Structure formats: C-alpha cells, structure tokens
Amino acid sequence: MANTSDSTYMEPSDDVHAEGIHAGGTPIVYGLYDDEVDLIEAVRKANADHLDIYDVYTPFPVHGLDPVMGIEESRLHIGGFVYGALGTLTAFGFMTWVFTRDWPIIFGGKPYFSAPAFIPITFELTVLFSAIGMVLSFYLICGLGPGAAEVNIDDRITDDKFCLAFSSKGIGQADRDQFADFFRSTGASETSAKVL
Amino acid sequence: MSAPISSLREPLVLGHKTYHDITEDICSPTESTPNAAWVAAFILSVTLLGLYAFCLVVTIWFGIGTWDLNRTVGWGWDITNFVWWVGIGHAGTLISAILLLFRQKWRTGVNRAAEAMTIFAVVCAGQFPLIHMGRQWLAFFIFPYPNTRGPLWVNFNSPLLWDVFAISTYLTVSLLFWYLGLVPDFATVRDRSKGLRRKIYNILCFGWTGAAKHWSRWESMALVLAGLSTPLVLSVHTIVSFDFATSVIPGWHTTIFPPYFVAGAIFSGFAMVLTLMLIARKVLNLEQYITIAHIESMNKVILLTGSIVGVAYLTELFVAWYSGYVYEQFAFFNRALGPYYWSYFGMMACNVISPQLFWKKSWRRNITLTFFMSIFINIGMWFERFVIIATTLARDYLPSSWSYYIPTWVEIGIFVGTIGLFFTLFLVFTRVAPVIAIAEIKSILKSSGDQYSDHPDYQDGPAKSDQVLQNQPS
C-alpha cells in the first residue's frame, strides 16, 4: 500500500498509472483528513475550485456532508412505499380470494368477507414486503452483497480517517500539482495515490 | 456538527475517547482469545442447550403427553415461555426504532446488543408454538401454501395465525435492521484483520466501502426501517395478546390486554437488556460506553412501563368487580387467592412493587440494585404469563373439570434449555461482532463525548472525569 506517513504529497508513480490502465481500474489521488469538519471544508473548497470529486469515504455518516456534496435525498423510501403497497394488496387480496372464491368457510357465523379480521396479517405483510424490498434495493443499488469485491483505499477509513478522492485518469503534471496544493492547503494529514 | 446539547445532559462516551479509541475498544473483544469467564459461561450455556436438545427429543419421541398437560390446562409452561420470550424480544427494536425516531442518543450504546438479544429471544420464543403442536414435523402446515388437500387454507381469521405472521415478520425485519447496522462495523473489523479472517469479514460486511452516497442511503434506510418497526414492535405483542383476548375465557377476554401486554413486554425486555449489559460492560470493559447514564435511562423506562403494568393489574381487578359479572369476578378472585396464589403474589411483588424503588435517583444509578431488579422483573413477568394462562385454565366453568397443573422435568428442561440456547447465541455474538454500534457511537462522539460536554461533573478534564467513573458503584 502506497501510504506516506508524513504529510507531504507523494507523487503517484507511473507504475500506478500503468497498472491502472492495464487493470482497467480507476486511478485516484486521495487525501486523508483527521476530522470530519476539515473534510467538509475540503469538499467545499473542491467545489469552489471546480475539482471533480471521485468519492468521499468516511467511518460514519457525517452530517452536513450530503448538501455540500450535492447528494440528494435517497428515493429508497418511495421504493419502500411501493413494496409496502404491494404487500398490502397481496395480503388483503389473497385472503379475500381464499375466503370468498376459493374455499369459503363460515367461522362463527361471520361473513365470508370479514375484512376487520384480515387487518393484522395485511399490516404484517405490508411491513414485511416494504422492509425486505427496501433492504434488497439498498444493497443492490450500492453494489453491496456477500461476495462483493473488497474496495480498499486505506484500512483506516473505517476507523478514524476521512478520505476525499479525485480521479487521476489521464491527468498531467499541472493537475497533479494542483491536487497536491489542494490537499496541502485543506489540511489533509496524508495524501497518496491508488488504482481502484 | 449537531444541535447544541444542554449542559444538563450527561455525556454518553466517557474517557476522552478518540475515534480510534472507540474502534480499538469495541473491536478488541472480537480479536482476542476468550477469557476464562467467557469459556465457563459458554460451557454452561452449551450444557443447557444439550439439555434442551435432549428434552426436545423426549417430547418428539414420546409426544407432548410428557408435559402432563390435561384437558383442562391445555396450555402450560409452553405458551407461558413463548409469551415470556417474545416479550423479552421487544426491547431491542424499541431501543433501535422508537428511540431512533425520538432522537435519543443513549440508544447508540446499547442498541446493537439489545437487537441481538431481541433476535435470540424471538428464536427461543418461536420454538414453543412449534413444539407444542404435537406433530412437529407437520409444523409447516401453519403457512398458507398451495397443497394437495384442496387446497385447504389456514384460518386467516384466527389470532393464532396472526401470531405466525407477526412473529415471523418481526424476526425478519429485526434481522434486516440489525444486519444493516452491522455491515459498516463488520467492515471496521475486516480492515483490522488479515488473511482468511479478512476474507470472511469482507463477505460478512458485503464489501462495504464507506462511500458518502452509501452512508446517505444507509441513514435514510435506517430511518424508514425505524418508522416501519415502530408500529411492528407494538403490533407483535398486541397480536400475542389477541391469542387470549379474543377467546371467551373469563380473565382472558379483556380489551385491556393489548396495551398491557405491550407495556409488559417492554418492561421485561429492558430488564433482560440490563441483565446482559451489566455483565457485558464489565466483562468486555465497556463501562465508558454503557455508562451509569445509560443504565439510569433504562431504569426510567422500566419504572414507566412497570407502573403501566401495575395500573393494568389494578384496572383488571376493578373492572372485574365493577362488571358485576360473576365469572369474571371469580376468575380474578381465584387468581389472587386460588390454588396458584403464590404466583399471583410473586407477580405483584416483582412487577408492581419492586420497580417503584426506581423513583429514587440514587437507586436508579445503583448497579447492584439494578442487576437484582432486572432478574426480579423477569421472574415477575414470567409469573404474570403463568398466572394468566395456568390459573385461568385450571378453574373451568365446570367445577368437575377443575384441575391443578404441575410441570414435568421435560417442560422445565425445555424452558431452562432455551435459556441455554439464548446465552449460547449471545456469547457467540460477543465474539464475532462488535457489541456496540461503532459507527453510531462515533457519530455521537462530538455531541456526547465527555471532553465536549458542558455538564458540571465533566468540566475539569480527564482527572475529574475518571474520578466520576471510579466513584460509580460497581
């Protein structure tokens, strides 16, 4: 791993870029920050400098990062509603079909279509469909799941470092200098390069 | 980063922790060899689990005649244990869902373990309806699947079937919610390990990266799941109470059951969380994350729900008297003064009188007292279910059917065995997963860490703060 322990910017070696091209991965340059406040300031500055952020990696959900990065509110809850509505219709429709069409039975003199008695199961299936659907959608759109390849930039990103990464695909020396200046001026504690 | 915190709020993370300290403290129990206490507890739990397996084989081999149930008392320890375990399984989702919606920061210290406890308790609960069926190998008949008997469907109007859906939905949703929280923390464990262990944890963490967009979705997922789980957790014990409330047995047929069962469930669930957390914080050195403030908060919930339960007991008695209905009056007279009077008084003493001790602040913050209280409460809540089930059934409409029911060693073995199952699962959990939600603790550090606190007791730097910690009774 090409980490530097001091706070100087390490020139991404040509090997890294060559390897990246052959491997078809994205070469990135990144800075590690010690504090989420520094990270948010860095993202702000990157936006002001019109630098294209590749991604930001943090050990925990940093509040205030989404608006700065322009991340819109997730639409997963709309999905949750749709899955839930599907559960409602499935449960209520199925029970209605069974008790009025497929196999009508009189229980305690109640009507075949005894809607109030269907409510508990309808509610449970609504929640079940919504939760399963939403969670699966979440893993699917994030590309997460058992067997997903490990994307490892730095082991400390899940510990106490906040990472801001820029794509360095096909960039020249001038751009590299600009990134170096950027990381230095925004207070990154370490900078490095890597191919994802 | 967050909204200002009142200086009266006690800090929730002590010891001037940095982000790295948090990772280190919470991950280290999964990385070291277990200590003697863990091994001893594990051996004991697995032994009880063995007893469970043996009693299960006896039950299936000889039939549930081995339980000494009779025509009058058709439900004995089996359903008592079922309701007891489901009740215990209510605290986890309450902590992780309802307290998330209420923005209670102290939930972050205990939510992971409480959710794990919920899942294991529901697993234990699920055993009882399955094994009391008699022909356990036909247990799948309870699900409405297309079959060659017509198809003959299950009775969707029956509260017992509602229970099937409620419990299985609750288990599934709790598992999904719990695992969603575990994914980033498994990634933390992965990034601290090498070789095969790293590969295993990469599978467990689903290849989590910590990308900003993923966190954003993760947070909105957690919120929506909390919104879904909140009515779910209230519905589960409501539906369990319908098993009784929709029947025509005096003493069961009461409209107060749903809220009374839910309050009782939360009451016993918090007691079990306290039992486990008081041991875990000591054994795993997590006293700085599960602080006296956490314990006090949980004791307040116990005081509230315990009082609700107490009011419900008294309301039942009042309504039985006020109804002028002789069978209802007899049912309650019989509960208090009939052949099972000892269980009624055990219930009253443990559930109504004992939680009232927690009106005193210094007692709420006393660890020894809290530990004993948590055990008492769970004994009391077990008695409550036994009182409702056994005393009511033992005195039928027909005095000629009256009987007395005593469990056999098989039933006792099954109950004690599920405690073994529960603790085996919990002990394994403490070895493989972080018992505190690492990412969530980090996200509250700057608002609730003692070094950021304005609380008068935590003003003078580490020395004073450590002193406060040491002065806590343990």
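**Aromatic rings in a predicted model**

Guide: Start with one contact: Arg149(B) lies over the face of Phe141(B), 4.0 Å from the ring centre.

Visitor: When does a charge sit over a ring?

Guide: NZ of Lys or CZ of Arg must be within 6 Å of the ring centre and within 35 degrees of the ring normal. Lys360(B) has its charged end over the ring of Trp363(B), 5.5 Å from the centre. The model is predicted: local features need pLDDT of at least 70, side-chain atom pairs count only at pLDDT 80 or more, and totals for chains, interfaces and linings use all residues. Side-chain values use heavy atoms, without hydrogens and water; residues are numbered from 1 along each chain as its sequence is written, with chains lettered from A and ligands numbered from 1 in the order written.

Visitor: Which rings pair, and how are the planes read?

Guide: Rings of Phe, Tyr and Trp (its six-membered ring) pair if their centres lie within 6.5 Å. Planes under 30 degrees apart are stacked, over 60 edge-to-face, and the rest tilted. Over all chains, that rule gives 64 aromatic pairs. Phe60(A) and Phe162(A) have ring centres 5.6 Å apart and planes at 90°, so this pair is edge-to-face.

Visitor: Are Phe60(A) and Phe162(A) buried or exposed?

Guide: Buried means under 20% relative accessible area, exposed over 50%, partly exposed in between (1.4 Å probe, protein chains only). Phe60(A) is buried at 3%. Phe162(A) is buried too, at 0%. Now take Phe92(A) and Phe113(A): they form an edge-to-face pair, 5.9 Å centre to centre, with 85° between the planes. Phe92(A) is partly exposed at 27%. Phe113(A) is partly exposed at 41%.
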